Amino acid sequence: MKPLFRAAVLGSILALTTACQADNEAPKKAPAAQAASTAASSIKVENAFARAVPAGQANSAAFLTLVNTSDTARSVKSATSPVAATVELHTHTNNNGVMEMRQIPQIDVPAKGTTELKPGGLHIMLIGLKQELKPGENAALTLTFDDGSTTTVNASIKDITPPAGAGGMQHH
Ligand SMILES: [Cu+2]
């Protein structure tokens, strides 16, 4: 083995040893840094409510306001609720004067911004209700954000008149 090559091998071993030491220290620091910057910790969910519907009604919708306190743009990727078999993210679009709702892949919350879900606009669709949604009661909603972090809120169930022209619970 040439002396120069031997030095290179020795250098590699030293580099590996240093890398191992760095790896050993990393886990101690990582969790705290991560917890400070999750979407769930930086997005406040305010004014969560759901539309009251009588027994036998298949679908309802929930609404809330997302306040992003961080400098990072975030999004809600999915939602679940114990009161519904399927929960989808929806928006309303005006299609030649007819309001239609459609499923969307995510709801964006800009950096330092606010996104409001409200009747006639963005909403969380509760499909296949497992129970009556009575005014004055609550429905739990769990939101999953783009980084996989989750937030669970209690949506207060209220009587809400469907917005004019929104077609009620009609789908597509
Ligand atoms: Cu909908």
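# Exercises on a predicted β-rich chain

Val 83 lies in the loop between E3 and E4. The model is predicted, and the exercises below start from this residue.

**Exercise 1.** Determine whether Val 83 is buried or exposed, and list its contacts beyond four places in sequence.

*Solution.*
- Step 1. Count the C-beta neighbours of Val 83 inside 10 Å: there are 22.
- Step 2. Compare with the cut-off: a residue is buried if 20 or more other C-beta atoms lie within 10 Å of its own. Val 83 is therefore buried, because it has 22 such neighbours.
- Step 3. Set aside the neighbours within four places in sequence; Val 83 is then in contact with Leu 126, Leu 129, Lys 130, Gln 131, Leu 133 and Ala 139.
- Step 4. Take one distance as well: the C-alpha atoms of Val 83 and Ile 127 are separated by 9.1 Å, with these positions 44 residues apart along the chain counted as their separation.

**Exercise 2.** Find the strands that pair with E8, and give the direction and the number of bridges for E2 and for E4.

*Solution.*
- Step 1. E2 (59–68) and E8 (123–129) are both strands. Four bridges pair them, in the antiparallel sense.
- Step 2. Within this pairing, Ala 61 has Met 125 of E8 as its bridge partner.
- Step 3. E4 (84–95) also runs antiparallel to E8, and six bridges join the two.
- Step 4. Here Leu 89 is the residue opposite Ile 124 in E8.

**Exercise 3.** Describe how E10 is paired with E1 and with E9.

*Solution.*
- Step 1. E1 (residues 43–51) and E10 (residues 150–158) run parallel and are joined by three bridges. Ala 50 has Ile 157 of E10 as its bridge partner.
- Step 2. E9 (residues 138–145) pairs with E10 in the antiparallel sense, over seven bridges. Thr 142 is placed opposite Thr 152 in E10.
- Step 3. E9 and E10 form a hairpin with four residues between the strands, where Gly 148 has a positive phi near 90°.

**Exercise 4.** State which residues of the largest nonpolar core touch the most other members, and which elements contribute to this core.

*Solution.*
- Step 1. The core has 30 residues, and those touching the most other members are Ala 50, Ala 62, Ile 124, Leu 126, Ala 139, Leu 141 and Ala 155.
- Step 2. Two or more residues come from each of E1, E2, E3, E4, E6, E8, E9 and E10. E2 gives the most, namely five residues.
- Step 3. Follow Ala 155 outward: beyond four places in sequence, Ala 155 is in contact with Ala 48, Phe 49, Ala 50, Ala 62, Leu 64, Asn 138, Ala 139 and Leu 141.

**Exercise 5.** Summarise the chain as a whole, and mark the stretches where pLDDT is below 50.

*Solution.*
- Step 1. The chain holds two helices and ten strands, in the order α-α-β-β-β-β-β-β-β-β-β-β.
- Step 2. Of its 172 residues, 22% are buried. Among contacts with a separation of 6 or more, 69% join residues 24 or more positions apart.
- Step 3. The average pLDDT is 83, and 73% of the residues score at least 70.
- Step 4. Residues 8–35 have a pLDDT below 50, and this stretch has one contact beyond near neighbours in sequence. Residues 165–172 also have a pLDDT below 50, with nine such contacts.
- Step 5. Where pLDDT is low, the predicted coordinates should not be read in detail.

How values were computed: Residues are numbered from 1 along each chain as its sequence is written. This is a predicted model: local features need pLDDT of at least 70, side-chain atom pairs count only at pLDDT 80 or more; totals for chains, interfaces and linings use all residues. Two strands pair if DSSP finds at least two bridges between them. pLDDT is the predictor's confidence in each residue, from 0 to 100. Two residues are in contact if their C-beta atoms, placed from the backbone, lie within 7 Å. A nonpolar core is a set of buried Ala, Val, Leu, Ile, Met, Phe, Trp, Tyr and Cys residues joined through C-beta atoms within 7 Å. A residue is buried if 20 or more other C-beta atoms lie within 10 Å of its own, exposed if 12 or fewer, and partly exposed in between; C-beta atoms are placed from the backbone.
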